[in-house]
Amino acid sequence: MPSVFIQVQYIMIQITFPDNSIKEFEKGSTPLQIAESISPQLARDIVAATVNSEAWDVTRPITENATLQLHKFDNKEGKHAFWHSSAHLMAEALQELYPDIKFGIGPAIENGFYYDVDAGDRVIAEKDLVAIENKMLELARAKQEFERKDVSKQEALDYFSAKDEIYKVELINDLEDGTITYYTQGNFTDLCRGPHLANTEVIKAVKLLNIAGAYWRGDEKRKQLTRIYGISFPKKKMLDEYLELLEQAKLRDHRKIGKEMELFMFSQRVGQGLPMWLPKGTLLRERLEQFLKNVQRKHGYQQVMTPHIGQKELYVTSGHYAKYGKDSFQPIHTPAEGEEFLLKPMNCPHHCEIYKFKPRSYKDLPLRLAEFGTVYRYEQSGELHGLTRVRGFTQDDAHIFCTPEQLKEEFCKVIDIIFHIFKALDFKEFEAQVSLRDKSNTEKYIGSDENWEKAERAIIEAAAEKGLETVVEYGEAAFYGPKLDFMIKDAIGRRWQLGTIQVDYNLPERFDLEYVGADDQRHRPVMIHRAPFGSMERFVAVLIEHTGGKFPLWLTPEQAVVIPVSEKYNDYAKKVLNLLNNSDIRTLVDERNEKVGKKIRDNELKRIPYLIIVGENEANDGTISVRKQGEGDKGVMKTEDFIAQFSQEVQEMMNV
């Protein structure tokens, strides 16, 4: 009998990699299989993928020509998938330990994950976290696969209604049919978009960090759920390093240091999230403001001041009411019928009105208006955190109104200002992020596609011209325009978003801003929003934690303290004090009746840079003994020589 050969015809697809190389793979190949074809080690390392700009499971088939990025744990997308999968693993552990528990949401966050749960009559406390961790690790070792399934809206409603998952049912009711997916691992199924890990085995180390209360959907009128925060890693060593970082962060906590240094305070009677600056903190803030004002003056900025409130209509026109209305304080109603004011959520609408104060010519542009303006947002009480998340904060705001031809040059000049600030404050490591709109969800932005494309192109070209290496993040733009954000790394490696520059073609249209060009025709200016500090409150918080409260010499509220070794030398100490203060060195005298060793220790804890010790020899010789924070004894010298050295040190810091 003759042999029969059956020829199998494989359908191939083209995969384009980040380096623009193109390879063919069989239709239905998964990112994991593609990684395996490149390198077995790569296949072991990848935890997520991006296919045609969409987050993708590594085990999900690719059925058409596509672009592909493979993500390890060490990048943002990889961490997101790893921590999102860990949130599901924690939920499965909770389900086993607390069978009647109900689930809210469980996202990945910047550092780890959380899940909001309703444990009914049970109380989940800190003492229970170790048992939950152990159950998570037990389940992880079972190598449970994360399985994705598309379901109809009715199927999802039936499934979660049968399990009495009231929070999931509410979420499903807000979703469109045809967009709903499940993920299942082991005995746990969750409503989720993904992506997730291939299986649970790669989760090797888990730490549940704390428990908090969180109102369902952020609504204080709804039930308060239990929020459990955690973090996980593919290696135990990575968890140990992270926990060490947390210990360092506790020591640098700006709330702790701010209290020790008497910089700022909060009062329940004044209101949550409304910081009050104490004398030393006010000095620190004023010097930061003066520093930036001096820089801005050299770059042609003009200072303005605007009210803390504005008519509601102002923010309706700008679009801020639609964007921030839910997060704003309630309108202020006046005795006049129908008259409403709002605490201002942003300064830019006021600056647009200043621009309209009189007719403008192209010869008046660029017009650079700057203001340290305080704005207000009604943040949920559970989201407030020291100075980093408050309800009233002051922005180092400025708005540049320019012609389209001036846009790139003005944008580049703002980048120069941000570089200057980072160098003066010793922020050595930073990353530039181009924040663009989410093109698949454009309804949350204002303005035409044409204006958005022009604004995005201007930012990308300006960043390239300044030689910036940038990362692009879609969906991170402001509602009125794209932006360039600066992400700095602090002294212990944490990332903070500081400094932002935004290009805006839309507010000039909304406020009908015009200038007369050289052709005697009316034209629309372009608007640049910029805030190098971001907000004074958040910037000071980051600066405190970056420096551990040991600020640059030019900035610190108290630069020196004179310590007499006994009461006999108080008069000489005051003479030295006067000489230093008259030379613009912010100095005080510690006249307490304490041993000199205690005075030195106490003032070092206050993080005062220079300690000036005076006793019999110094009084007789007209000298001072100098100690520097972190460096110890600097020797005996004439007061005049110390003043000269101090001034030179400050000058070198400022001439960056």
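This report walks through selected local features of a predicted model, from backbone geometry to sheets and helix packing.

Residue numbers start from 1 along each chain as its sequence is written. Local features need pLDDT of at least 70, side-chain atom pairs count only at pLDDT 80 or more, totals for chains, interfaces and linings use all residues, and side-chain values use heavy atoms, with hydrogens and water left out.

Helices (H or I, at least four residues) and strands (E, at least two) are DSSP runs, numbered from the N terminus.

## Backbone geometry

The table lists cis peptide bonds and positive phi values.

| Residue | Feature | Value | Loop |
|---|---|---|---|
| P195 | cis peptide bond with G194 | omega about 0 degrees | between β11 (188-191) and β12 (205-215) |
| P366 | cis peptide bond from L365 | omega near 5 degrees | between α12 (348-355) and β20 (367-376) |
| N20 | positive phi | near 70 degrees | between β1 (12-16) and β2 (22-26) |
| D512 | positive phi | near 55 degrees | between α15 (506-510) and β26 (515-516) |

Neither positive phi belongs to a glycine: one is in N20, the other in D512. Burial is graded by relative accessible area: buried is under 20%, exposed is over 50%, and partly exposed lies in between (1.4 Å probe, protein chains only). N20 is exposed, at 61%. D512 is partly exposed, at 42%.

## The β9-β10-β11 sheet

Three strands make an open sheet in the order β9-β10-β11, with antiparallel pairing. β9 (147-151) and β11 are the edge strands; each has a single partner, so one side of each lacks a neighbour in the sheet. On average, neighbouring strands here are turned by 25 degrees against each other, direction ignored. Two strands count as paired if DSSP finds at least two bridges between them. Five bridges join β9 to the antiparallel strand β10 (residues 180-185). K149 stands opposite Y182 of β10.

A helix covers part of this sheet. Helix α3 (residues 76-97) lies across β10 and β11 and runs at about 130 degrees to β11. Such angles run from 0 to 180 degrees between N-to-C directions, and axes are lines fitted to C-alpha atoms, for helices over the stretch in contact.

## Helix α1 and its buried face

Which residues of helix α1 (residues 31-38) are buried? They are P31, I34 and A35. Seen down the axis of α1, these residues fall within an arc of 100 degrees, so they line one face of the helix. The arc is that of the directions from the helix axis to the C-beta atoms. The buried residues of α1 pack against β1, β2, α2 (40-45), β3 (46-51), β4 (54-56) and β5 (66-72). Contact here means heavy atoms within 4.5 Å.

## Y167 in helix α6

Y167 lies in helix α6 (residues 166-173). At 5% relative accessibility, Y167 is buried. Leaving aside residues up to four places away in sequence, Y167 touches K102, F103, G104, D118, W216, K223 and L225. T50 is 117 residues from Y167 in sequence. In space, the two are 30 Å apart, C-alpha to C-alpha.

## Helices α9 and α16

Helix α9 (residues 279-298) packs with helix α16 (residues 536-547) at an angle of about 110 degrees, and their axes are 11 Å apart. That makes α9 roughly perpendicular to α16. Angles under 35 degrees count as roughly parallel, over 145 as roughly antiparallel, 65 to 115 as roughly perpendicular and the rest as oblique.

From α9, the contact uses L284, R285, L288 and E289. From α16, M536, E537, F539 and V540 take part. The residues of this contact divide into five nonpolar, no polar and three charged. Ala, Val, Leu, Ile, Met, Phe, Trp, Tyr, Cys and Pro count as nonpolar; Asp, Glu, Lys and Arg count as charged; the others, Gly among them, count as polar.

## The five-stranded sheet

Five strands form an open sheet in the order β30-β29-β31-β32-β33, with mixed pairing. β30 (587-589) and β33 (632-638) stand at the edges; each has a single partner strand, so one side of each is left without a neighbour in the sheet. The twist averages 25 degrees from one strand to the next.

Strands β31 (residues 610-614) and β32 (residues 623-628) pair in the antiparallel sense over four bridges. Y610 has K628 of β32 as its bridge partner. Helix α18 (residues 596-605) lies across β29 (560-564), β31 and β32. The helix runs at about 170 degrees to β29.
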